[in-house]
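Q: Please take a close look at a single part of the model shown below. I would like one connected account of that part and of what surrounds it.

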Amino acid sequence: MKCPHRRESYQLHAREVNSLLLRREQLQPERVDDRAHDLVLHVEHVGQRAVIPLRPSLEASRHVDELIAIPGNDCMQMNTDKKVSTFQQIKTIDVASIVSLCKEKHVSLVDVAQDNAIAAGLVNRLEQAGIPVIGPTKEAGQLEWDKAFARTICEQEGIRAPTYKICHS
């Protein structure tokens, strides 16, 4: 299986973001009237997007007016005209704080791209709270966050992988 080119991946992600925000407007028009803009929260490891603000597809979307990054960093505002708020004091695994922030800020969409947040069940809790989210559930994301599980699946299915050893401490 070929991996999509990075730009194609961003274009696909942008279509998904736009589609979800448009669908939310259709399904929950009362929430749209309460706010003058769409606010998207992005959860990703602090070092992965040091200067590039979040996902380029979020920054480029005409449906996204403001971005929140958890934890984020101060450089994220440099390459965008959109307002970017960071919450560096919130850890990506602090599920309760993230869900609370989403409710408080009336977040339109959450994009979860960080393995530890997925492993902590952030997507599951956001879905339970009725907050639109992009990202795998804890169970679906196990191939990403649990390397031992992923290697075991590869071995069982005959998928080539580097030599490994699972250690328990």
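What is the mean pLDDT of the protein, and what percentage of its residues reach 70 or more? With that settled, which residues lie on each of the two faces of strand E1, and are they buried or exposed?

A: The model is a predicted one, in which local features need pLDDT of at least 70 and side-chain atom pairs count only at pLDDT 80 or more, while totals for chains, interfaces and linings use all residues. Residues are numbered from 1 along each chain as its sequence is written, and side-chain values use heavy atoms, with hydrogens and water left out.

The mean pLDDT (the predictor's confidence in each residue, from 0 to 100) of the protein is 76, and 69% of the residues reach 70 or more. Two stretches remain under 50: residues 1-12, with four contacts beyond four places in sequence, and residues 26-36, with twelve such contacts. A contact here means heavy atoms within 4.5 Å. Where pLDDT is low, the predicted coordinates should not be read in detail.

Strand E1 covers residues 39-44. Strands (E, at least two residues) and helices (H or I, at least four) are DSSP runs, numbered from the N terminus. Six of the six residues of E1 are buried, where buried means under 20% relative accessible area, exposed over 50% and partly exposed in between (1.4 Å probe, protein chains only). In a regular strand the side chains alternate between the two faces of the sheet. In E1, Leu39, Leu41 and Val43 lie on one side and Val40, His42 and Glu44 on the other, and both sides are covered.

The setting of E1 is an open, parallel sheet of five strands in the order E3-E2-E1-E4-E5. Two strands pair if DSSP finds at least two bridges between them. E1 is joined to E2 by six bridges, and histidine 42 has alanine 69 of E2 as its bridge partner. Towards E4, the parallel pairing of E1 rests on four bridges, with leucine 41 partnered by valine 110. E3 and E5 are the edge strands, each pairing on one side only.

At one edge, E5 pairs with E4 over two bridges, and isoleucine 134 of E5 is the bridge partner of aspartate 111. Isoleucine 134 has a relative accessible area of 8% and is therefore buried. The C-alpha atoms of isoleucine 134 and valine 123 are 7.8 Å apart, although eleven residues separate the two in sequence.

At the other edge, lysine 83 of E3 and glutamate 66 of E2 are 17 residues apart, and their side chains meet in a salt bridge at 3.7 Å, N to O. A salt bridge is a side-chain nitrogen of Lys or Arg within 4 Å of a carboxyl oxygen of Asp or Glu. Glutamate 66 counts as buried because its relative accessibility is 14%. The structure holds two salt bridges; aspartate 115 and lysine 147 form one of them, at 3.9 Å, N to O. Aspartate 115 is in helix H5 (residues 115-119) and lysine 147 in helix H8 (residues 147-157), so this pair ties together parts that are 32 residues apart in sequence.

E1 also contributes to the largest nonpolar core, which has 22 residues. Such a core is a set of buried Ala, Val, Leu, Ile, Met, Phe, Trp, Tyr and Cys residues joined through side-chain atoms within 4.5 Å. The residues with the most contacts inside this core are Leu41, Ile70, Val110, Val112, Leu122 and Leu126. At least two core residues come from each of E1, E2, H4, E4, H5 and H6, and the largest share, five residues, comes from H4. Beyond four places in sequence, the contacts of valine 112 include Val43 of E1, as well as Leu122, Leu126 and Ile134. A second, separate core has eight residues, among them Val64, Ala69, Met76 and Ile134.

Helix H4 (residues 95-105) contains alanine 96, which is partly exposed because its relative accessible area is 46%. Cysteine 102, by contrast, is buried at 2%, whereas cysteine 167 is exposed at 63%. A disulfide requires a pair of cysteine sulfur atoms within 2.5 Å, and the count by this rule is zero.
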